[in-house]
Amino acid sequence: WRGREGAPYSTLVPPDEVTINYRHGLPVITLMLPTRSERCQFTVKPVVTTVGAFLQDVQREDKGIERAEVFATDGTKVSDATLMEVLLMNDFKLVINNTAYSVSPPVKDKLSSEHATEMEDIKSLVHRLFVALHLEDHQIRKERELLQKLDYLKGELLPLEQMKARIMDSADAKTSRLLWVGLALMSTQGGALAWLTWWVYSWDIMEPVTYFITYGSAMAFYAYFVLTKQDYIYPHAKDRQFLHYFYRKSKKQRFNVERYNKLKDDLAEAEESLRRLRQPLQLKLPIQEINDKD
């Protein structure tokens, strides 16, 4: 087995020259420093430490190390950017100067339950520390962004709200006038039928007339149901007529109903996000507990 310059490495020393053990859930690599002739331990954080960072730590510990490299068992060089967590999944060869060490990392699945518990405790502690140090700052920045978004949406909605109020007043006034006109027509019809019955004709003549008027009204109500798929209920009919006047007036004044509804939805969403964001600020809850509550 040869290095990159083609020079052969020395014969492999016993495997226990480089050992890996787990302590408090972190791998501890123990190796012999060639110049100082003493064993040294390096504790690495596998999820953040790279192979290059580990080799630099080794060279800083022993200034007499001119070359430090890591190779896979098939002779392929391992990139310095590779995480130690990936490297420790398989056997590898650590080359220091012209000496190659065969390293066999312990299998994680065979770690003791005590070590596994310690690892979980460390992860939990790191999570709590991260929450305590960074979560509040992140939430404050997010709150500032939401407040700016709320100000923008309210500014966009203000002229639309004023225009909508004018259109609604106009549509409501027209709807009310229509209701009063309907009452006036019904009163006029009742008075005309009474006048024809008692002063002009008799009930024998007017009875068929009132029958057909009643039947015609029933046909009109049925036609309303066929066209709208709704029963003729006075509040519903009033609302329907109000919307008819509202949309017709909006079209004349170029009031964008779709844009208004979109801004209102965005405003409601931003307000809800701000409410949910301020709740953990008051209760000091981490993000995971917020999601559990939802």
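These legends accompany five close-up views of a predicted model.

**View 1. The largest pocket and the residues around its centre.** Welcome to the pocket view. The largest pocket has a volume of about 650 Å³, and 19 residues line it. Nearest its centre lie G182, M186, F221, Y232 and Y234. Helices α3 (113–200), α4 (203–228) and α5 are the elements that each give two or more residues to this lining. Helix α3 supplies the largest share, with eight residues. By residue class, the lining of the largest pocket divides into twelve nonpolar, five polar and two charged residues.

**View 2. Two segments annotated as transmembrane in UniProt.** An unreviewed UniProt entry places the feature "transmembrane region" at residues 178–197 and 209–227. In the model, residues 178–197 are 100% helix and 0% strand, and the C-alpha atoms at the two ends of this segment are 28 Å apart. Residues 209–227 are likewise 100% helix and 0% strand, with their end C-alpha atoms 27 Å apart. If you have the pocket view open alongside, look for G182 and M186, two of the residues nearest the centre of the largest pocket.

**View 3. The buried side of helix α1.** Helix α1 spans residues 51–61, and its residues V51, G52, F54, L55 and V58 are buried. These residues sit on the same side of α1 because they cover an arc of only 160 degrees around the axis. What do the buried residues of α1 pack against? Their partners are the strands β2 (26–33), β3 (38–43), β4 (68–72) and β5 (92–96), together with helix α2 (84–87).

**View 4. T30 in strand β2.** Here we zoom in on one residue of β2, a strand that the buried residues of α1 pack against. Is T30 buried or exposed? Its relative accessible area is 8%, under the 20% cut-off, so T30 counts as buried. Leaving aside neighbours within four places in sequence, T30 is in contact with E17, V18 and T19, and also with R39, C40 and Q41. R39, C40 and Q41 fall within the range of strand β3 (38–43).

**View 5. S250 in helix α5.** The last stop is helix α5, which runs over residues 234–253 and contains S250. S250 has 2% relative accessibility and therefore counts as buried. Which residues does S250 touch, not counting those up to four places away in sequence? They are I167, F255 and V257. Helix α5 also appears in the pocket view, as one of the elements giving two or more residues to the lining of the largest pocket.

Technical notes. Residues are numbered from 1 along each chain as its sequence is written. This is a predicted model: local features need pLDDT of at least 70, side-chain atom pairs count only at pLDDT 80 or more; totals for chains, interfaces and linings use all residues. Side-chain values use heavy atoms; hydrogens and water are left out. Helices (H or I, at least four residues) and strands (E, at least two) are DSSP runs, numbered from the N terminus. Buried means under 20% relative accessible area, exposed over 50%, partly exposed in between (1.4 Å probe, protein chains only). Contact means heavy atoms within 4.5 Å. On a 1 Å grid over the protein atoms alone, a cavity is a set of points where a 1.4 Å probe fits but cannot get out, and a pocket is an open set with protein on both sides within 12 Å along at least five of seven lines; lining residues have an atom within 4 Å of a point. Grid points are joined across faces, edges and corners, and a volume is the space filled by probe spheres set on the points. Ala, Val, Leu, Ile, Met, Phe, Trp, Tyr, Cys and Pro count as nonpolar, Asp, Glu, Lys and Arg as charged, and the others, Gly among them, as polar. The arc is that of the directions from the helix axis to the C-beta atoms. UniProt positions are given in the numbering used here, feature names are shortened, and annotations may be inferred rather than shown by experiment.
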